[in-house]
Structures are given as C-alpha cells and as structure tokens.
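Visitor: I should like to learn how a protein structure is read, beginning with the chain as a whole. Would you please guide me through this example?

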Amino acid sequence: MDNLPEGVTRREFDGRDRLCTRGEPVYGEPTDGDWRVWDASRSKLGAMLELGMETGLSGGDSVLYLGAANGTTVSHVADVAGPTYAVEFAPRPVRDLLAAAESRSNLLPLLKDARRPESYAHVVESDVDVLVQDVATRGQATVATRNARFLSGDGRLVLAVKARSEDVAASPESVFADVRTELSEAYEILGESRLDRFHADHLGIVARPR
Ligand code: SAM
C-alpha cells in the first residue's frame, strides 16, 4: 500500500516509476512540466514514502522540519503541505534554502539550532501536525524529545536516525535500541523501517506524542 500524502504521486520517468510533487526544481532533479521527481536516494523522508511507511503527513498539514540543509526534502514537503518551518543551523545551506523558498510562500527558513527550541518558539506555531527530523548529529533522540512541545496531541514525529552520527563504532541495532528507549519518554512509536535500500544504517521512525 502506498500511503502517499495528497499531492505526492507516482509518475513514469525514463521507464521508472518515481515519486513526484509539483513545484519549482531545487536540486537538479528530473522534471516533466510542473512535476519534479522526489529522489528517495537523496531524501530520507522520500525513502520512507517509497518504502510505504505511513507517515501521517497529509496535504495542507503544518510542518516543523529540523535539519533542512539545502532544501532538497523540505521543498517537496512544502509543495504539498501548509506552513512549513524549516530549521537549519549551518549558514551555507540556508542560502540555498532561501532560494528554494522564493517560489514557495509557505516555506519559512529559520537559521536556528534545533537543540534550542526556545530560540524559535516565538516564530513556530504551536500544535503543528507533523515534526520531520533529519539532523544526522549526535543526540538525535534528545532533539526530537525537546521539540515535542510543538506537536499537536494527535500529531506525528517522522524521524530519520543515522546510526553513525551517534557512534561510529557501535552496531546500528544497539544505537537504534538506545534511540527507542530515549524517545519513549516523550513519544509512542507507531512504526519503523530500516532505510538501507536508500540510506545505509538509517532507521525511519513514525511516532506520536504521549
Ligand atoms: N534533511 C535534508 C534533506 O533531506 O534535504 C538533509 C539533512 S542533512 C543529513 C542534516 C542537516 O542537519 C545538516 O544540514 C546539518 O547542518 C543540520 N543540523 C545538524 N544539527 C543541527 C541542529 N542542531 N540544528 C539545526 N540543524 C542541524
């Protein structure tokens, strides 16, 4: 089953079935008219959708996205979502992110540190529908837990965990076990899937706040 949010669809590109959204291209992805390919090998959320995970993301949802980088994934999110707050702490990618936001009035880049949610609490609406996180740094569960305050009661956390960012020497499974334990203080895990087909040693997790 597909579980694709409204506005994300499958179209044939060069004989292959690809996920697409409608919007201005951002990262050199193939296009066909308004449609742009959402490349699952360059996007953890794209991989989660490609693998059929139920993310809970629906068209028009409000989204807080942590670790927006150059805007590859968050631009696809903004193509289908409502207000999309995109947090990134590195100034260089934020320049590209601002360019991606030019044609997307609902995409709101924030040059902020996701470990310090109080620094953007005055900008981000409370009760967002979906919190997407792909920060790939040590302390991924802590970041998700600190940002739970922004989620509505029946909202969803959609988290990509990179094992090597926590501990290069540990086995991915032991890293993921520790992440689950820490997350469980603030979240109930609803589903998860290894993303290795697209991203080595990554786990995708969907959860809701407790
Ligand atoms: N999500 C992006 C995409 O799919 O287009 C890729 C994100 S990349 C794997 C991780 C990003 O998280 C980097 O750009 C990094 O600078 C950012 N990041 C890491 N720690 C962060 C923090 N504490 N606050 C904000 N951004 C952070």
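Guide: Please note that this is a predicted model. A useful starting point is the separation in sequence between residues in contact. In the protein chain, residues 24 or more positions apart account for 56% of the contacts with a separation of 6 or more.

Visitor: What radius of gyration does the protein chain have, and how does one judge that value?

Guide: One compares the value with that of a compact globule. For 210 residues such a globule would have a radius near 17 Å, and the protein chain, with 16 Å, agrees. The C-alpha trace spans about 45 × 40 × 35 Å along its principal axes. Of the 210 residues, 50% are buried.

Visitor: Which elements make up the chain, and in what order do the strands of the open sheet lie?

Guide: The protein chain contains 6 helices and 11 strands. An open sheet of 4 strands follows the order β1-β2-β4-β3, and its pairing is antiparallel. Because β1 (9-13) and β3 (31-32) each have a single partner strand, they stand at the edges, and one side of each lacks a neighbour in the sheet. Between β1 and β2 (residues 16-22) there are 5 bridges. Thr9 is opposite Cys20 in β2.

Visitor: Which helix lies across β2 and β4?

Guide: That is helix α2 (residues 72-80), which runs at about 145 degrees to β4 (35-37).

Visitor: Is Thr72, in helix α2, buried or exposed?

Guide: One consults the relative accessible area, for which buried means under 20%. Thr72 has 15%, so this residue is buried. Leaving aside residues up to four places away in sequence, Thr72 touches Tyr27, Arg36 and Arg42.

Definitions and conventions
Residues numbered from 1 in each chain as written. Predicted model: local features only at pLDDT ≥ 70, side-chain atom pairs only at ≥ 80, totals over all residues. Heavy atoms only, no water. Pairing = 2+ DSSP bridges. Helix = DSSP H or I, 4+ residues; strand = E, 2+ residues; numbered from the N terminus. Contact = heavy atoms within 4.5 Å. Axes fitted to C-alpha atoms, helices over the stretch in contact; angles between N-to-C directions. Buried < 20%, exposed > 50% of the residue type's maximum accessible area, 1.4 Å probe, protein only. Rg over C-alpha atoms; globule rule 2.2 N^0.38 Å.
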